[in-house]
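Load the model in your viewer and keep the sequence panel open. The stops below say what to select next and what is there.

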Amino acid sequence: MKPGRAGWTLVVLALLVSGAAQAQVDGDTAATRAVDRAHFDTTCAPCRDFYRYATGAWYDRTTIPPEYPFAGIDREVRDRTEALLHMLLDRSATALGSAPDHDTQLVGALYRSCMDSARVERAGPRPLAGRLAAIDAIHSRAALVLEFARLGREGVPAPILLRSYPDFKNSSQTIGVAFQTGLGLPDRDFYLKPDSTSVRIRRDYRAHVTRMVRLLGESAAVADRDAAQAVALETALARGALPAVELSEYQKLYHRMSGDSLARAEPHLGWPAMLREMGLAPAATINVATPRYYQTLDSLVSLTPAATWRAYLRWHLVHEAAPWLSTPFGAENLRLRGVVEGVTELRPRWKRCTDLVDQTIGEALGEVYVRRAFPPEAKARALAMVQDLQATLRDRLQVLSWMSDTTRAAALAKLDAIRNKIGYPDTWRDYGALRLTPDSLLENWFRGNRFQADRQLRKIDRPTDRTEWMMTPPTDNAYYNPNLNEIVFPAGILQPPYFDPSADDAVNYGAAGSVIGHELLHGFDNTGRRFDAEGNLRDWWTPQDSLHYVRRAQAVVAQYSGYIAVDTMHLNGQQTLGENLADIAGLQIAWGAYQRAAARTGHAEPIDGFTPEQRFFLSFANAWRTKERPEAERTDAISDVHSLARFRVNGVVGHVPAFAEAFGCKADDPMIRPDSLRLDLW
């Protein structure tokens, strides 16, 4: 925490929270209850379909709001967080003139500029004029690649995405990473699959591009021509992109090169000029994570006329900026979301503006949030749960019969080295160099993107900062970073019904404990296991142990590939393997950790007719309570590494024998897996 900034921000904005905000954030008891009979479908036996049993009545009576692709527990948690942030942001924008420090001014200025819809409507597309003129001035390859670099820094990563990340094989050093990007649809498969749904989506997408370009003032003929050129160029890029199933195979994503080597390997991309435009030395170290994509791009830069590239860049500029332009752009952007997610309405403006502040200056906002929503005692209890889970995993590692002592020693060393980040950073980010104003939303968006990109790029070829967070404190999510060997749980996810300091252990270990276990086990999933205790990509497994691991994991691939996601489309068990392994082993470890906690506190009595063991599994199922639109399910099945919510429950509980005991299941019940098919890795 830097002196002279954080204290004032926390005190001044925290004092602005009224009693009304307290009610909005806390909600009523039923809304935050982890085990609620009103959610159950008791006509369905828990041993037949546990997800249906635990959430079926809620599912049947729930209507997905038109502005969202899904409804469920995540939406409820985010709504409560947004209610608090809304109060803070409204007051900070009102008090902007008397803001006591730079960060408070940034928060207020960005939010006020976003909420000033009248100014945004009057401006129409004019805020894009200068950048559109720069694109129109491209008539040479040299000018083209410089525009790639400029737009990439400003939030338009098409077709170049260059950021920094620890070196996969030397995590103490941060290098550049060039990743595939440049598509307007969520995944390459949308461009390449021949099925009728994909063909329809491509047709709708091209019509959308045409309409969006027309909003810039182009004629129908020019807009149609630009759309045809832009989509054709994206399709060519998609052919060079890696499929989603390969994007988690880190060993395929490591191709370290110097900028000089890149200049020789991809001569038409003008790497030295692009790196200079980004403030980097031409010899900067770059991991070209997806080389086939960049080789494809190099060829396209050489062979594609400048006019086609101008059409492509115009489209991607307006595509990225559309949410922050006037209503016609936002409405047209919504039409594309309708195609791939089924959404039919925009969220309220204040929610979109809250997201913008969180995405742009999330740690400035996060300081205020944690002061209000995440007291020290909550952090202490969360840490105690993490310690129980780690101790349980340590005990299990020590007795695994299939693992050799050599691999076991390395696994234990890795477990002991995991860094736990809970709630919020120890040191808050410095936004001193960022300038935002209350009267220019789109320019604020560009400045914020440029600030974040430049902060990323400055880290290249420097020692790695292991204290940095990749999520903001209000975020309802968590992650494991294999390159830093750390688990990170923002305060935003550590709230009811995932985590409640006042709830019984069965509830907390079933929900939050299984999520913590999930992130811990990512360190040992099919990709995380390839990194050592320091976060370096290194094979620390004996060949025999590695073969055993792969053989057991293949049973999970087969299990999840058998599930139908939507219509006749199956899940991709290989694409989702890492998440499925973490789900299964995470619940196994969470159950062991709950037993550890129960041994300290004594056996608890039933609550509302459910034993502690049943409450553990019911809380786990509630943590995945979700209803999703078919369009969104299809998109997830194509591009997401996570399985759909119902399979993250029904596909998992059969791997934990205690589930059958808790609900009296028989060996032939659908939820129960035979010993030969039960995951026994951990």
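How many residues does helix α16 have, and how far does α16 reach from its first C-alpha to its last? Select residues 327-341 to see α16 in this predicted model. Helix α16 has 15 residues and reaches 20 Å from first C-alpha to last, close to the 21 Å expected at 1.5 Å a residue.

**Stop 1: around α16**

Show the side chains of Phe 329, Gly 330, Glu 332, Asn 333, Leu 334, Leu 336, Val 339 and Val 340, which are buried in α16. An α-helix has 3.6 residues a turn, so residues three or four places apart point the same way. Now add α10 (196-215), α15 and α26 (630-639), which are among the elements that cover the buried residues of α16. Just after α16 comes Gly 342, with a positive phi near 85 degrees.

**Stop 2: α15 and its partner α7**

Move to α15, residues 306-321. The end C-alpha atoms of α15 are 22 Å apart, which agrees with the 22 Å that its 16 residues should span at 1.5 Å a residue. Is α15 enclosed or open to the outside? Of its 16 residues, 13 are buried, so α15 is largely enclosed by the rest of the structure.

Next, add helix α7, residues 129-136. Helices α7 and α15 pack at an angle of about 165 degrees, and their axes are 9 Å apart. An angle over 145 degrees counts as roughly antiparallel, so α7 is roughly antiparallel to α15. The crossing of the two helices, α7 and α15, is right-handed. On the α7 side, select Arg 131, Leu 132, Ile 135 and Asp 136; they meet Arg 310, Leu 313, Arg 314 and Leu 317 in α15. The residues of this contact between α7 and α15 divide into four nonpolar, no polar and four charged.

**Stop 3: Val 209 and Gln 229**

Go back to α10 and pick Val 209, which is found in that helix. Val 209 counts as buried because its relative accessibility is 0%. Not counting residues up to four places away in sequence, Val 209 touches Ala 227, Val 231 and Trp 315. For a sense of scale, draw a distance from Val 209 to Ile 422: the two are 213 residues apart in sequence and 42 Å apart in space, C-alpha to C-alpha.

Then select Gln 229 in helix α11, residues 220-240. At 21% relative accessibility, Gln 229 counts as partly exposed; the cut-off for buried is under 20%. Leaving aside neighbours within four places in sequence, Gln 229 is in contact with Ala 307, Thr 308 and Ala 311. From Gln 229 to Val 368 the distance is 47 Å in space, C-alpha to C-alpha, with their positions 139 residues apart in sequence.

**Stop 4: α17 against α20**

Select helix α17 (residues 349-373) and helix α20 (residues 441-457). Their axes are 10 Å apart, and α17 and α20 pack at an angle of about 30 degrees. The two helices, α17 and α20, are therefore roughly parallel to each other. Which residues meet here, in α17 and in α20? Arg 349, Leu 356, Gln 359 and Thr 360 in α17 meet Leu 441, Trp 445, Gly 448 and Gln 452 in α20. By type, the residues of the contact of α17 with α20 divide into three nonpolar, four polar and one charged.

**Stop 5: Gln 390**

Select Gln 390 in helix α18, residues 376-399. Gln 390 counts as buried, at 13% relative accessibility. With neighbours within four places in sequence left aside, Gln 390 is in contact with Leu 415, Ile 418, Asn 420 and Leu 520.

**Stop 6: backbone details in the loops**

Two cis peptide bonds come next.

- Ala 158 to Pro 159 is cis, with omega near 5 degrees; Pro 159 lies in the loop between α8 (141-153) and β2 (161-167).
- Pro 496 to Pro 497 is cis, with omega near 0 degrees; Pro 497 is in the loop between β9 (486-490) and α21 (505-510).

Finish with residues that have a positive phi although they are not glycines.

- Asn 485 has a phi of about 50 degrees and is found in the loop between β8 (479-481) and β9. Asn 485 is buried, with a relative accessible area of 0%.
- Asp 608 has a phi of about 55 degrees and is found in the loop between α24 (577-601) and α25 (612-622). At 47% relative accessibility, Asp 608 counts as partly exposed.

Methods:
Residues numbered from 1 in each chain as written. Predicted model: local features only at pLDDT ≥ 70, side-chain atom pairs only at ≥ 80, totals over all residues. Heavy atoms only, no water. Axes fitted to C-alpha atoms, helices over the stretch in contact; angles between N-to-C directions. Helix = DSSP H or I, 4+ residues; strand = E, 2+ residues; numbered from the N terminus. Parallel < 35°, antiparallel > 145°, perpendicular 65-115°, else oblique. Contact = heavy atoms within 4.5 Å. Nonpolar A, V, L, I, M, F, W, Y, C, P; charged D, E, K, R; others polar. Left-handed = near helix turned anticlockwise from the far one by under 90°. Buried < 20%, exposed > 50% of the residue type's maximum accessible area, 1.4 Å probe, protein only. Expected span 1.5 Å × (residues − 1).
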